[in-house]
Amino acid sequence: MRKIAIINQKGGSGKTTTAVNLAASLAEKKRTVLLIDLDPQASTSSWFGKSRDAKGLYDLFTTSKNINDIIEETDIDRIDIIPSSSWLIGLEKRLAQEVGAETILKQKLELTKKWDYLIIDCPPTLGILTINALTTAQEIIVPVEARIMALSGLIQLLQTIKVIKERLNPKLRISGIVPCRVDYRTNHAKEVVKELRTNFKDKMYKTTIRENVRLAEAPSYLLPITQYDPNCNGAHDYRMLAKEVIRQERGKTKQT
Ligand SMILES: Nc1ncnc2c1ncn2[C@@H]1O[C@H](COP(=O)(O)OP(=O)(O)OP(=O)(O)O)[C@@H](O)[C@H]1O
Ligand SMILES: [Mg+2]
């Protein structure tokens, strides 16, 4: 199972849109995906029509609850989800004194069923939930909003990832940075993408996700873009991203 955390501490960078639609594009290619919604805002959960009222994930972090008991099916074939919980807002405080709180999710990840991918949607912070995602995952995908020059935030993020890698998870690597909301009608967006490619070279995916209003509409219809509007630019771009993600498996031995 490839374990991928979708992270960027900057709010609104495209994490949830990427987590949901990358998952759907992988599922379309017959891959199975388990999504974990670690964001108390619960945007991924509500995209699949799931409530965040249950204590599920909160109990996972604070009690002996088994992870297999909080996995739910979605209406989309091959995608299952561990929904977020509004209780997660209090988790930081609850775990402040707890030794080893950074690795709770990793230790609890004893899944009885097999999926091809685990995709974790992270909150826009570098707190205990995101650190748990970074100790659990082997890979990181970083969506970057190409509307503003996001370089300084990205450099800070890469520094954090380096520290996590050294101290908690030596296997962690960046699978790719993906520019999101790219409006190719503006020179500014083109410049941002160019600047990202100059600075982060082979860490960049070739795919960029274009600004596409259909992507913003899709959550209200509780459908991933591949089903809400299968032929729009957004669906096309996320399929391209999924192709690139799958291509990264070439020549690699199967990960467990
Ligand atoms: N390619 C796109 N085209 C148009 N709108 C987009 C695109 N990607 C994301 N959006 C919109 O931008 C907003 C932020 O996107 P999203 O929720 O995916 O970001 P996020 O990083 O998960 O945010 P948060 O940090 O709050 O969790 C949403 O309203 C979403 O619909
Ligand atoms: Mg989000």
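These legends accompany close-up views of ligand 1 and its pocket in a predicted model.

**View 1. Meet the neighbours of ligand 1.**
Let's start with the company that ligand 1 keeps: 18 residues surround this molecule. The closest are Lys 15, Thr 16, Thr 17, Arg 181 and Asn 212. Sorted by class, this shell holds eight polar residues, six charged residues and four nonpolar residues.

**View 2. Backbone atoms beside ligand 1.**
Zoom in on the backbone here. At Gly 14, a polar backbone atom lies 3.0 Å from an oxygen atom of ligand 1. Thr 16 also has a polar backbone atom by an oxygen atom of ligand 1, at 2.8 Å. For Asn 212, the partner on ligand 1 is a nitrogen atom, and a backbone N or O atom of the residue is 2.9 Å away from that nitrogen. How much of ligand 1 does the protein bury? On its own, the ligand exposes 620 Å², and the protein buries 83% of that area.

**View 3. Helices around ligand 1.**
Now follow the helices. Two of them, H1 (residues 15-28) and H9 (residues 213-217), each give at least two residues to the shell around ligand 1. Which helix supplies the largest share of this shell? That is H1, with three residues.

**View 4. The pocket that holds ligand 1.**
Step back to see the pocket itself. Ligand 1 sits in the second largest pocket, and this pocket has a volume of about 360 Å³. Its lining is made up of 20 residues. Nearest the centre of the pocket are Gly 14, Thr 17, Arg 181, Leu 215 and Ala 216.

**View 5. What lines the pocket.**
Finally, look at the walls. Helices H1, H2 (residues 43-47) and H9 each contribute at least two residues to the lining of the second largest pocket. H1 gives the largest share of this lining, four residues. By class, the lining divides into eight nonpolar, eight polar and four charged residues.

Note on methods:
Residues are numbered from 1 along each chain as its sequence is written. Chains are lettered from A and ligands numbered from 1 in the order in which they are written. This is a predicted model: local features need pLDDT of at least 70, side-chain atom pairs count only at pLDDT 80 or more; totals for chains, interfaces and linings use all residues. Side-chain values use heavy atoms; hydrogens and water are left out. A residue is near a molecule or strand if one of its heavy atoms lies within 4 Å of it. A polar contact is a pair of N or O atoms within 3.5 Å; within protein, one must be able to donate a hydrogen and the other to accept it, and residues adjacent in sequence count only if both atoms are side-chain atoms. Accessible areas come from the Shrake-Rupley method with a 1.4 Å probe; for residues, only the protein chains shown count as cover. On a 1 Å grid over the protein atoms alone, a cavity is a set of points where a 1.4 Å probe fits but cannot get out, and a pocket is an open set with protein on both sides within 12 Å along at least five of seven lines; lining residues have an atom within 4 Å of a point. A molecule sits in a cavity or pocket if more than half of its atoms lie within 2 Å of its grid points. Ala, Val, Leu, Ile, Met, Phe, Trp, Tyr, Cys and Pro count as nonpolar, Asp, Glu, Lys and Arg as charged, and the others, Gly among them, as polar. Grid points are joined across faces, edges and corners, and a volume is the space filled by probe spheres set on the points.
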